Amino acid sequence: MSREHDVLSANAWQRHQHYLRTFSLAHRGGSAPQLASSKSYSTDADVVRAHHRFLWDEVQGGSSSGTADSAGDGTMDSRVGSVPGSDALTWEQQLAKRYWHRLFKEYVLADLSRYRDGDIGLRWRTEQEVLNGRGQFSCGNKACNRRDLPLTSYELHFGYIEHGEAREALVKVRCCQTCAEKLNYRGNRDRDRAERKRARKEAKREKKHKRHVRECQIESAGSSGDDRVTYETGEAAGAGEEASGLLRRVSTAGNQTTSAGRHASSDRVRQPSEHYAAMRGRREEDDHLLDELFP
């Protein structure tokens, strides 16, 4: 009685599973059939997620590449459930493109969670986000959403890989100063590295130049010192020659004094006053010569 009550109180899917299990056990003599898991079924959201494109070009039944088409304001075609240029598309692509036509493509929202690696995610805004002013009157960073800070509009050259194909587009985003630094983190980092590298090269070149100038100054100072030594040696040689001449003069004066003394001693009796006067004069002359030689 309880089993019948469980079957009657179950929904259609549970009753379907119960009947299949009963049929397999009663008529096939085997175990309960392996029912397909619900994970094998794809919902509309899974289909849209698998076939979504950031931009649909003319080949794919949309507008020109790199720009949003005329239905970019979120409006649909006059036919309900249809999209322009969808004749050559599969129903999965038509579903994804129908969702894409409902998006607003004036500004994008950015995912800056991996900005240090240079990976930035961008997506268009939905109708509810446009009504709330998200990404236009608030910061376009998904994790920021500040309204009390001044916002700046940036035009980005967005390069991405979609379904194995490299594509690019020009998009606009509004964000605050803090998020703008994250948005331009890769470019600013490369620019700072180039500036630091250039500064190191300039400092190294300046250091090498200063070392070269110092070596040239030392070399020139050494050569001028040799000339000075040579000049001083020449002056010393000249002074030595002059001193030798003075000494010779002194020696000659001494010899003359000695000879005069001998003559004076022989004539001492006859001219004593003249002898002492001559000796005094010779002595004063010798003192004067010695003063000139050794000042």
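**Exercise 1.** Find how much space lies in the largest pocket of this predicted model, and describe its lining.

*Solution.*
Step 1. The space in the largest pocket comes to about 390 Å³.
Step 2. Its lining consists of 16 residues, and those nearest the centre are H52, F54, L122, R123 and W124.
Step 3. At least two lining residues come from each of helix 3 (44–51), strand 2 (119–125) and strand 3 (152–162).
Step 4. Sorted by class, the lining of the largest pocket holds ten nonpolar, three polar and three charged residues.

**Exercise 2.** Describe the second largest pocket and state which element gives the largest share of its lining.

*Solution.*
Step 1. The second largest pocket contains about 270 Å³ of space.
Step 2. Around it are 15 lining residues; G118, I120, L156, H157 and L183 lie nearest its centre.
Step 3. Two or more lining residues are given by each of strand 2, strand 3, helix 6 (177–183) and helix 7 (185–266).
Step 4. Strand 3 supplies four residues, the largest share.
Step 5. The classes in this lining are seven nonpolar, five polar and three charged.

**Exercise 3.** Decide whether C139 and C144 belong to a disulfide, and classify each as buried, partly exposed or exposed.

*Solution.*
Step 1. A disulfide needs two cysteine sulfur atoms within 2.5 Å.
Step 2. The structure has zero disulfides.
Step 3. For C139, the nearest cysteine sulfur belongs to C179 and is 3.6 Å away, and C139 is in no disulfide.
Step 4. C139 has a relative accessible area of 0%, so C139 is buried.
Step 5. For C144, the nearest cysteine sulfur is that of C139, 3.8 Å away, and C144 is in no disulfide.
Step 6. The relative accessible area of C144 is 21%, so C144 is partly exposed.

Methods:
Residues are numbered from 1 along each chain as its sequence is written. This is a predicted model: local features need pLDDT of at least 70, side-chain atom pairs count only at pLDDT 80 or more; totals for chains, interfaces and linings use all residues. Side-chain values use heavy atoms; hydrogens and water are left out. On a 1 Å grid over the protein atoms alone, a cavity is a set of points where a 1.4 Å probe fits but cannot get out, and a pocket is an open set with protein on both sides within 12 Å along at least five of seven lines; lining residues have an atom within 4 Å of a point. Grid points are joined across faces, edges and corners, and a volume is the space filled by probe spheres set on the points. Ala, Val, Leu, Ile, Met, Phe, Trp, Tyr, Cys and Pro count as nonpolar, Asp, Glu, Lys and Arg as charged, and the others, Gly among them, as polar. Buried means under 20% relative accessible area, exposed over 50%, partly exposed in between (1.4 Å probe, protein chains only).
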